[in-house]
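Reader: I am in my first year and new to structures like this. Could you take me through the terms step by step?

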Amino acid sequence: MKLIRIPTLRSADEFRTQLDALGLGIPCDPSILTAPDSPLASPVPALHINGKSPGNRWCIQPMEGWDAHPDGSPSDDVLRRWRRFGESGAKLTFGGEAMAVRPDARANPNQLILSEANTGPLSRLREALVQTHTDLHGSHADLVVGFQLTHSGRFCRPNDKRRFEPRVAFRHPILDQRFAVTRDDQVFTDSELDDLIADFVRAARVAWNAGADFVDIKHCHGYLLHEFLAAHTRPGRYGGSFENRTRLLRAIVEGIRADRNPIGIAVRLSAFDFVPFTPDPALSQPGKPGPGIPADTSACLPYRFGFGVNPANPVQPDLLEAQRFAELCADLGIRLLNLSAGSPYYNPHIQRPAAYPPSDGYQPPEDPLVGVARQLQATRAIRQHLLQTRPDTRPAIIGTGYSYLQEYLPHVAQAAVRDGWTDFVGLGRMVLSYPTLPSDVLSRAALTPRLICRTFSDCTTAPRNGLPSGCYPLDDAYKARPEARVLRDIKRGNPPQP
Ligand SMILES: Cc1cc2nc3c(=O)[nH]c(=O)nc-3n(C[C@H](O)[C@H](O)[C@H](O)COP(=O)(O)O)c2cc1C
């Protein structure tokens, strides 16, 4: 595959031509509008979270840094990242970053923990974002900030960055081998799940006490609650039927309300999934992974180990259950539904389309614009479905996967909101290199090219190798860190000796 790199395109017209050449029908405006004319500048009608209505359509996606203190409280690096979220001008911060509901639920020993002891530090973290936003953008009356609640499930590494200590929903024919699941007692029992529900409820209370407007009950990226949605083969109350596979969400929401916690409730969902991918061994060389190919599933068809995937052809989305899940969210009074896809651990190209793979990834098996379009189209389909089935109670939708669009992110974002493909435009990797993109778009309809994320994937490669995440290529603070040199060596195939 010959990839046409986005920076080689000279105009929105050329970008449009490239979309057409790939057969991708996604909306794209010819030019960028400023506020108040931009569709990105106005609030979503009738959306209130904790009494506030987010003042524009930009959303900061959760972006963790693998850089909190070992007790799960924020470090200076976490504070800096959240201040930059505040600088952005985006009026919705969806989760900030993954925060573990208990210590053994962490994806790494430097993940934030929602413990009572961390209430003060987390409150100051939120305050740092709000204060920065207020200083630069005048008001926080229309700024909404939530916390993302997680159990990392199959990807738990709570004690040692290099040692998985997985807890899973079911035995998986492909992933078990890759992520150190060897025994049935690593599968959560139904009675252990009662404790887990209580942990989510308690964590939501900590979030409220720390000033969060809402909590995201995270159901994405292969982490525990997302995996439960795929627990077709699990016996008992939490597996099999759709009702059983969504029992945890219902129980957590009921628990938060029974606790008389008035906090808003949101969900981030991987709306579709594919089977795990690996580099094609025939086209790989040492230190140079080949293009991704799907795992051989011939022995496990129909594929019953994913959510939102066609069981007969598990490299095709099937949105029926995601649409049903979106209806359930509406019925539970959930006001925000953030749609993502797949998992960064086993099929990163569908989750965060990139020109350059992370160190544990593979070369793009498709033009990354195809991955962007897949997420945009799924988001549009689910939003349209809700407009038809739950017109009055539907959650507002946040779309994901825009960073690869680079120069043309604003053109697509603006058209996507105006044409009803999404309610909010979520920004992930782009905010690490270029936090003020949202305010630059709305105030001057122009970008600073040297800050645009080029999807080098260093923000993923670094944590995969035990280093904190950040934008090492473009953010001066990370360029200057000693870890930047270590990362360069890793990318050249010379990992540091233990
Ligand atoms: C370094 C890094 C950290 C991330 N941390 C989280 C996280 O804590 N929670 C989450 O739901 N998604 C996380 N994501 C996924 C992003 O929120 C987002 O879905 C993804 O990067 C695709 O959006 P983009 O194209 O704008 O980057 C992370 C992604 C990256 C690259």
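Reader: Which residues lie nearest the centre of the largest cavity?

Author: This is a predicted model. In it, Pro62, Met63, His221, Gln351 and Arg352 lie nearest the centre of the largest cavity. The full lining counts 28 residues.

Reader: What makes a residue part of that lining?

Author: A lining residue has an atom within 4 Å of a grid point of the cavity. For the largest cavity, 28 residues pass that test. By class they are 11 nonpolar, 11 polar and 6 charged.

Reader: Which helices and strands supply at least two residues of this lining?

Author: Strand E12 (424-427), helix H13 (429-433) and H15 do. The largest share, 3 residues, comes from H15.

Reader: Why is this space called a cavity and not a pocket?

Author: It is called a cavity because a 1.4 Å probe fits inside but cannot get out, whereas a pocket is open. The volume of the largest cavity is about 440 Å³.

Reader: How many cavities are there of 30 Å³ or more?

Author: The count comes to 6. The second largest has a volume of about 150 Å³. Its lining has 18 residues, and Pro348, His349, Arg352, Ala354 and Pro358 lie nearest the centre. That lining divides into 10 nonpolar, 5 polar and 3 charged residues.

Reader: Where does the ligand sit?

Author: In the largest cavity.

Reader: What must hold for a molecule to sit in a cavity?

Author: More than half of its atoms must lie within 2 Å of the cavity's grid points. The ligand sits in the largest cavity, so it meets that condition.

Reader: Which residues around the ligand come nearest?

Author: Pro62, Gln148, Ser403, Gly428 and Arg429, out of 24 residues around the ligand. This shell holds 8 nonpolar, 10 polar and 6 charged residues.

Reader: What makes the approach of serine 403 to the ligand a polar contact?

Author: The cut-off is 3.5 Å between N or O atoms. A polar side-chain atom of serine 403 lies 2.7 Å from an oxygen atom of the ligand. That is within the cut-off, so the pair counts as a polar contact.

Reader: What is the distance for proline 62, and which of its atoms are involved?

Author: A backbone N or O atom of proline 62 is 2.8 Å from a ligand oxygen atom. For glutamate 64, a polar backbone atom lies 3.0 Å from a nitrogen atom of the ligand. Both pairs are within 3.5 Å, so both are polar contacts.

Reader: How much of the ligand's area does the protein bury?

Author: The protein buries 99% of the 610 Å² that the ligand exposes when taken alone.

Reader: What is the volume of the largest pocket?

Author: About 510 Å³. Its lining has 19 residues, with Gly287, Pro289, Pro357, Ser359 and Lys491 closest to the centre. Helix H15 (458-464) and helix H17 (482-491) each supply at least two lining residues. The classes are 8 nonpolar, 7 polar and 4 charged.

Reader: Which peptide bonds are cis, and what are their omega values?

Author: One runs from alanine 35 to proline 36, with omega near 5°. Proline 36 is in the loop between helix H1 (12-21) and strand E1 (58-60). Another joins leucine 301 and proline 302, with omega about -5°. Proline 302 lies in the loop between strand E9 (292-294) and helix H9 (320-331).

Reader: What is the phi of asparagine 50?

Author: Asparagine 50 has a positive phi of about 50°, although it is not a glycine. Asparagine 50 is in the loop between H1 and E1.

Definitions and conventions:
Residues numbered from 1 in each chain as written. Predicted model: local features only at pLDDT ≥ 70, side-chain atom pairs only at ≥ 80, totals over all residues. Heavy atoms only, no water. Near = heavy atom within 4 Å. Polar contact = N/O pair within 3.5 Å; in protein donor to acceptor, adjacent residues only side chain to side chain. Areas by Shrake-Rupley, 256 points an atom, 1.4 Å probe, with all protein chains shown as cover. 1 Å grid on protein atoms, 1.4 Å probe; cavity = no way out; pocket = protein on both sides within 12 Å on 5 of 7 lines; lining within 4 Å. Nonpolar A, V, L, I, M, F, W, Y, C, P; charged D, E, K, R; others polar. Points joined across faces, edges and corners; volume = space filled by probe spheres on them. Helix = DSSP H or I, 4+ residues; strand = E, 2+ residues; numbered from the N terminus.
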